[in-house]
Every structure is written in C-alpha cells, then in structure tokens.
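Let's take a walk through this fold together, starting with the chain as a whole and ending with a couple of backbone details. Keep the viewer open as you read.

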Amino acid sequence: FEGAKLTITNLQASNHSSGACGGAISLQSTNLDIKNAVIEKVDAVEGGATCCFGSQIDAKNLTVRKGNSSLNGGGVNGILCKVYLEKSVFEQCQSASKGGAFSLSLSSSLSAEKSTFKNNIAVLDGGAGYADTIKLVRIFNSTFAENVAARGGAMRMKHTKFTTHTS
C-alpha cells in the first residue's frame with residue numbers, strides 16, 4: 001500500500017510469501033492501524049510479515065508467529081518507520097541476518113508496551129530486535145525470552161537511544 005491510511009481489524013493471515021519485501025503486508029508512505037490480528041507462517045526477503053518504508057504502524061493485540069526473512073526482520077523490517085506495539089507478541093520469527101522479530105534503521109523508532117518477544121532467532125545481530133541509527137527504542141513492561149543471535153540475544157543497537165521501564 002502506498003500513500004494511504006489503512007485500518008485492519010480481526011485479521012487472520014497465514015502461509016503468505018513475497019520475493020521481495022513483506023510476506024503479508026508491504027507499506028510505503030502509509031499509516032497502518034492494525035488490531036486483533038494474527039499473522040503466521042509468512043516469509044520474504046526482508047520483513048517476513050511486514051515491510052515498511054516511510055510509514056507508521058500502530059499495532060494493538062498483534063501476534064506475529066513464524067515470520068521468516070532471508071535478510072532482515074523476520075517479523076518487521078523498516079526504514080524511516082515509526083512502529084508502536086501494544087499487547088503484541090512476536091514469537092518463533094527468524095532472520096538470516098539481523099533482527100529475528102524486527103529490524104529498524106535510518107531514523108525509524110519503536111515503542112513497545114506490554115509486548116512479548118519470545119523464541120526469535122537472528123543469525124547475526126539481535127535475536128529479537130536490531131536497531132541501527134534510529135531515533136528511539138522505548139520498551140515498557142515487556143518481556144524478552146529465549147531469543148538467540150551471534151550478537152545481542154535479545155537486542156542489538158547501534159547509534160540508537162534506548163529507554164526501558166519495568167521490562
């Protein structure tokens with residue numbers, strides 16, 4: 001979707017793939033509001049479940065399970081993106097490079113509240129998440145468990161401001 005405002009509620013999406021970006025959803029200059037959704041068994045070169053460029057994602061009660069990326073972001077890959085997660089779950093996602101659950105770069109931002117990142121794998125950096133040169137990572141009352149990577153089992157951050165509270 002490009003240049004749109006998109007609202008998705010009560011979505012069940014599984015067994016989708018893309019030869020490029022976003023196995024289930026690909027966004028460019030788009031605002032996505034997604035609630036009560038399950039995305040599973042999806043894969044893409046980047047952003048196994050969702051890929052975003054210059055977009056904003058507001059997710060509440062989103063579950064991404066078994067997202068797979070042959071490059072970055074088994075769940076979400078974003079450049080110039082704002083990602084807000086509330087009561088969301090990323091589990092069993094994997095990336096052949098960076099960010100098992102998410103990979104964000106170039107002035108992106110992430111805010112996660114009451115969310116869970118569990119059993120995610122990145123071959124290189126950030127088992128659950130990878131952040132490179134992004135504005136801010138905020139994690140509040142969230143859980144990171146059993147994530148694996150060569151560097152940063154839970155998260156790997158470069159040139160990034162990080163804030164956490166009771167996580």
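A quick definition before we start: two residues are in contact here when they have heavy atoms within 4.5 Å. Bear in mind, too, that what you're looking at is a predicted model.

With that in hand, how do the contacts spread along the sequence? Among contacts in the protein chain between residues at least 6 apart in sequence, 84% join residues at least 24 apart. As for secondary structure, the protein chain has 20 strands and zero helices.

Now for the overall dimensions. Along the principal axes, the C-alpha atoms take up a box of roughly 35 × 25 × 25 Å. The protein chain has 167 residues, and 46% of them count as buried. Its accessible surface is about 7,500 Å², with 47% of that belonging to carbon and sulfur atoms. If you're thinking about electrostatics, there are 17 positive and 12 negative charges, and their mean positions sit 5 Å apart.

Next, zoom in on one sheet. Six strands form an open sheet in the order 3-5-7-11-15-19, and the pairing is parallel. Its edges are strand 3 (25-28) and strand 19 (155-158), each of which pairs on one side only. On average, neighbouring strands in this sheet are turned by 5 degrees against each other, ignoring direction.

What holds such strands together? Strands of a sheet pair through backbone hydrogen bonds, either parallel or antiparallel. For a concrete case, look at strand 11 (residues 102-105) and strand 15 (residues 129-132): they run parallel and are joined by four bridges. In this pairing, Ser103 stands opposite Tyr130 in strand 15.

Follow the chain on from strand 11 and you reach the loop between strand 11 and strand 12 (109-113), where Ser107 lies. Check its backbone torsion: phi of Ser107 is near 65 degrees, a positive value in a residue other than glycine. Is Ser107 buried, partly exposed or exposed? Its relative accessibility is 39%, so Ser107 counts as partly exposed.

Asn119 is another residue to click on. You'll find Asn119 in the loop between strand 13 (116-118) and strand 14 (121-125). Asn119 also has a positive phi, about 60 degrees, although it is not a glycine. And how does Asn119 rate for exposure? With a relative accessibility of 29%, Asn119 counts as partly exposed, because that class runs between the cut-offs of 20% for buried and 50% for exposed.

Conventions. Residues numbered from 1 in each chain as written. Predicted model: local features only at pLDDT ≥ 70, side-chain atom pairs only at ≥ 80, totals over all residues. Heavy atoms only, no water. Pairing = 2+ DSSP bridges. Helix = DSSP H or I, 4+ residues; strand = E, 2+ residues; numbered from the N terminus. Axes fitted to C-alpha atoms, helices over the stretch in contact; angles between N-to-C directions. Buried < 20%, exposed > 50% of the residue type's maximum accessible area, 1.4 Å probe, protein only. Areas by Shrake-Rupley, 256 points an atom, 1.4 Å probe, with all protein chains shown as cover. Lys, Arg positive; Asp, Glu negative; His and termini not counted. Charge placed at Lys NZ, Arg CZ, Asp CG, Glu CD.
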